[in-house]
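Please work through the exercises below with the coordinates open, and try each task before reading its solution.

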Amino acid sequence: MTVTAVRKNPEKLTMTLDAEFDASPERVWQLWADPRQLERWWGPPTYPATVTAHDLRSGGLVEYHMTGPEGNQSHGYWEIVDVDAPHRIVFRDGFANEDGTPSSDMPINEVRVMISEVGGQTRMSIESIFPSAAAMEQVIAMGMEEGLREAVGQIDAILAGDVTSPTAR
């Protein structure tokens, strides 16, 4: 599996997932930059993502929904804060209502994605920074850690295949 560590730090209100891949940083970057590739891994296998808007630049917006096995949908969005291709993305990650408006019932987290070459491989770190201990507990209790592990765990198969042509999940 590609995931090498998940660290939770309640004092700093962070959860960080580290993964390593046999691919260049530029290739790993494409997993974020191309909405069709992002759909193939953003979300656990039983909750595949559909990206409906994708503007991956500072000030941009990414909107998506995940569809569960029973057809239920969970909507989300990223407000892009900073992009330094192919090394860093910083975004505010929020839950949305069905109409795409931000949900006031769920916290908004800051996410920092770092992509770097380390010893001939590429390391990707995804750090979620929560606004409060209660928000961290709420989102982790919903299965964030397991879902992110499963989502990132799909990346090796994407990197091993031909991702330039559309394929089923």
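Two strands are taken as paired if DSSP finds at least two bridges between them. The model is a predicted one, and every value below is computed from it.

**Exercise 1. The sheet and its edges**

Task: Determine the order in which the strands of the open sheet are arranged, and establish which strands stand at the edges.

Solution. Step one is to follow the pairing across the sheet, which is open, has 8 strands with antiparallel pairing, and reads β1-β2-β8-β7-β6-β5-β4-β3. Step two is to look at the two ends of that order: β1 and β3 each have a single partner strand, so one side of each is left without a neighbour in the sheet. Step three adds the geometry, namely a twist that averages 20° from one strand to the next. As a check on an individual pair, strand β4 (residues 61-67) runs antiparallel to β5 and is joined to it by 7 bridges, and within β4 and β5 His65 stands opposite His75.

**Exercise 2. The hairpin and an unusual phi**

Task: Describe how β1 and β2 are connected, and find which residue in the turn has a positive phi.

Solution. Begin with the pairing, in which 6 bridges join the antiparallel strands β1 and β2; Asn9 has Thr14 in β2 as its bridge partner. The two strands form a hairpin with 4 residues between them. Leu13, located in the loop between β1 (3-9) and β2 (14-21), has a positive phi of about 60° although it is not a glycine. To classify its exposure, compare its relative accessibility of 19% with the cut-off of under 20%, from which it follows that Leu13 counts as buried. A further residue can be brought in here: Ser128 of strand β8 is buried, with a relative accessible area of 2%, and beyond its sequence neighbours within four places it is in contact with Leu13, Thr14, Met15, Glu110, Val111 and Met144.

**Exercise 3. Helices on the sheet**

Task: State which strands α3 and α4 touch or lie across, and explain why the buried residues of α4 are on the same side of that helix.

Solution. Take α3 (residues 133-141) to begin with: this helix lies across β1, β2 and β7 (109-118) and runs at about 145° to β1. Helix α4 (residues 144-152) also packs on the sheet, where it touches β1, β2 and β8 (121-129), and its direction makes about 15° with that of β2. Next, list the buried residues of α4, which are Met144, Glu145, Gly147, Leu148, Ala151 and Val152. These residues cover an arc of only 165° around the axis, which puts them on the same side of α4. The spacing has a general background: an α-helix has 3.6 residues a turn, so residues three or four places apart point the same way. Finally, the cover over the buried residues of α4 includes β1, β2, β8, α3 and α5 (155-160).

**Exercise 4. An aromatic cluster**

Task: Identify the residues that ring pairs link into a cluster, and classify the pair Trp42 and Trp78 as stacked, tilted or edge-to-face.

Solution. The structure holds 9 aromatic pairs. For Trp42 and Trp78 the ring centres are 5.0 Å apart and the planes stand at 90°, so the pair is edge-to-face. Since Trp42 lies in the loop between α2 (35-39) and β3 (49-54) whereas Trp78 is in strand β5, the pair ties together parts that are 36 residues apart in sequence. Both Trp42 and Trp78 are buried. Widening the view, ring pairs link Trp32, Trp41, Trp42, Tyr64, Trp78 and Phe91 into a cluster. Phe91 belongs to strand β6 and is buried, with a relative accessible area of 0%; outside its neighbours within four places in sequence, its contacts include Trp32, Trp78, Ile80 and Val113.

**Exercise 5. Two loop residues**

Task: Find where the cis peptide bond is, and work out what the side chain of Ser58 reaches.

Solution. The cis peptide bond joins Ala85 and Pro86, with omega about 0°, and Pro86 is in the loop between β5 (73-84) and β6 (88-96). Ser58, by contrast, lies in the loop between β3 and β4 and is partly exposed, at a relative accessible area of 37%. Apart from neighbours within four places in sequence, Ser58 is in contact with Ile80, Val81, Asp82 and Val83, and its side chain reaches the backbone nitrogen of Val83 at 3.5 Å.

Conventions
Residues numbered from 1 in each chain as written. Predicted model: local features only at pLDDT ≥ 70, side-chain atom pairs only at ≥ 80, totals over all residues. Heavy atoms only, no water. Buried < 20%, exposed > 50% of the residue type's maximum accessible area, 1.4 Å probe, protein only. Contact = heavy atoms within 4.5 Å. Phe/Tyr/Trp six-rings, centres within 6.5 Å; stacked < 30°, edge-to-face > 60°. Axes fitted to C-alpha atoms, helices over the stretch in contact; angles between N-to-C directions. Arc of directions from axis to C-beta. Polar contact = N/O pair within 3.5 Å; in protein donor to acceptor, adjacent residues only side chain to side chain.
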